[in-house]
Amino acid sequence: MSDTSRLFDLTGRVACVTGASAGLGQQAASALADAGARVVAVARREEALQDWADRTGPPAAVVAADLSDRSALNDIAASVTAPFGPPDIIVHAAGVNTRQAADEVTPDGWDLTLNLNLAAPFFLTQAFVPAMKDKGWGRVVNFASLQTTRAFPGGLAYGASKAGIGQLTRAMAEAWSAFGININAIGPGFFPTELTGPVFADPERAARNAAQTCMGRNGTLDDIDGPLLFLCSEASAYVTGQVLMVDGGFTAK
């Protein structure tokens, strides 16, 4: 293996990926496993997680849990640690978008969105930081969004949570990167996932979104692999506190 290829090698690393039952979360879990990591996949749907683990093969483990329940996060962290030890890498892909118009946002919808999209990435990471400090190495990748910097209709709570992810990423980096823990975020554009199902169900809308990118297309799931491996590996040794937009140039245009 060449010196440069070793930069992306995750052999011996333990990774935790939330939201891994489908979409970009599952794609992230597979990419990390392919790079040599032992992956613990976390989501609510146990059957979908187990199907992924069966297809991936060992070493892969699953934890079925509701990350929006803040009172359960310490127990979830313990379950994640059980198969392979505390993770070196955490990818926070779990998320929800209630798509409630501003006049229709409910306290329950707000709490669900902020708990899952913003609180869970912080408190779950916080639970693993002591072990990362002991190793002097860690990688945390939060999931930002186009709505980290832009306002979309029906996205008030979601947009607030994803704007928060931008600042959370910077603040976590300030707090923990001196201990060898790099914290960054990926900001996906439009990818075909369950979360963006309503967008891709409308071909005209999907085409308009593609036309707004510099590349003239929406994302495919494997477009996330390279940026993710960069941020989860030695390749990003001097990169922290950044939001990397993986959007085909949507936010540049």
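## Contacts, pockets and a few oddities

Setting aside neighbours within four places in sequence, N209 touches F190, V199, N218 and F250. All of this comes from a predicted model, so treat every value here as computed. N209 belongs to helix 8, which runs over residues 203-211. With a relative accessibility of 8%, N209 counts as buried, because the cut-off for that label is under 20%.

Now for the open spaces. The largest pocket comes out at about 930 Å³. A total of 43 residues line the largest pocket, and those closest to its centre are A93, G95, V96, T193 and L195. Which elements give two or more residues to that lining? They are helix 2 (23-34), strand 2 (38-43), helix 5 (107-135) and helix 6 (156-176). Helix 2 supplies the largest share, 3 residues.

The second largest pocket holds about 180 Å³ of space. Its lining has 14 residues, and M215, D223, V246, D247 and G248 are the ones nearest the centre.

There is also an enclosed space to look at. The structure has 1 cavity of 30 Å³ or more, and the largest cavity has a volume of about 30 Å³. Lining the largest cavity are T18, L67, H92, A94, L116, A120, P121 and L124. Helix 5 gives the largest share of that lining, 4 residues, and helix 5 also appears among the elements that give two or more residues to the lining of the largest pocket.

Here is how the linings break down by residue class.

| Space | Nonpolar | Polar | Charged |
|---|---|---|---|
| Largest pocket | 22 residues | 14 residues | 7 residues |
| Second largest pocket | 5 residues | 6 residues | 3 residues |
| Largest cavity | 6 residues | 2 residues | no residues |

So what about the cysteines? A disulfide is a covalent bond between the sulfur atoms of two cysteines. How many disulfides does the model have? The count comes to 0. C232 is in no disulfide, and the nearest cysteine sulfur to it, that of C16, is 11 Å away. For a disulfide, the two sulfur atoms would have to be within 2.5 Å. Is C232 buried or exposed? C232 is buried, with a relative accessible area of 0%. C214, on the other hand, has a relative accessible area of 52%. C214 therefore counts as exposed, because that label applies over 50%.

Two bits of backbone are worth a look in the viewer. One is the peptide bond joining P58 and P59, which is cis, with omega at about -5 degrees. P59 sits in the loop between helix 3 (46-56) and strand 3 (60-64). The other is R99, a residue other than glycine that has a positive phi, near 50 degrees. R99 is placed in the loop between strand 4 (89-92) and helix 5. Is R99 buried or exposed, or something in between? At a relative accessible area of 35%, R99 is partly exposed, because that value falls between the 20% and 50% cut-offs.

Conventions: Residues numbered from 1 in each chain as written. Predicted model: local features only at pLDDT ≥ 70, side-chain atom pairs only at ≥ 80, totals over all residues. Heavy atoms only, no water. Buried < 20%, exposed > 50% of the residue type's maximum accessible area, 1.4 Å probe, protein only. 1 Å grid on protein atoms, 1.4 Å probe; cavity = no way out; pocket = protein on both sides within 12 Å on 5 of 7 lines; lining within 4 Å. Points joined across faces, edges and corners; volume = space filled by probe spheres on them. Nonpolar A, V, L, I, M, F, W, Y, C, P; charged D, E, K, R; others polar. Contact = heavy atoms within 4.5 Å.
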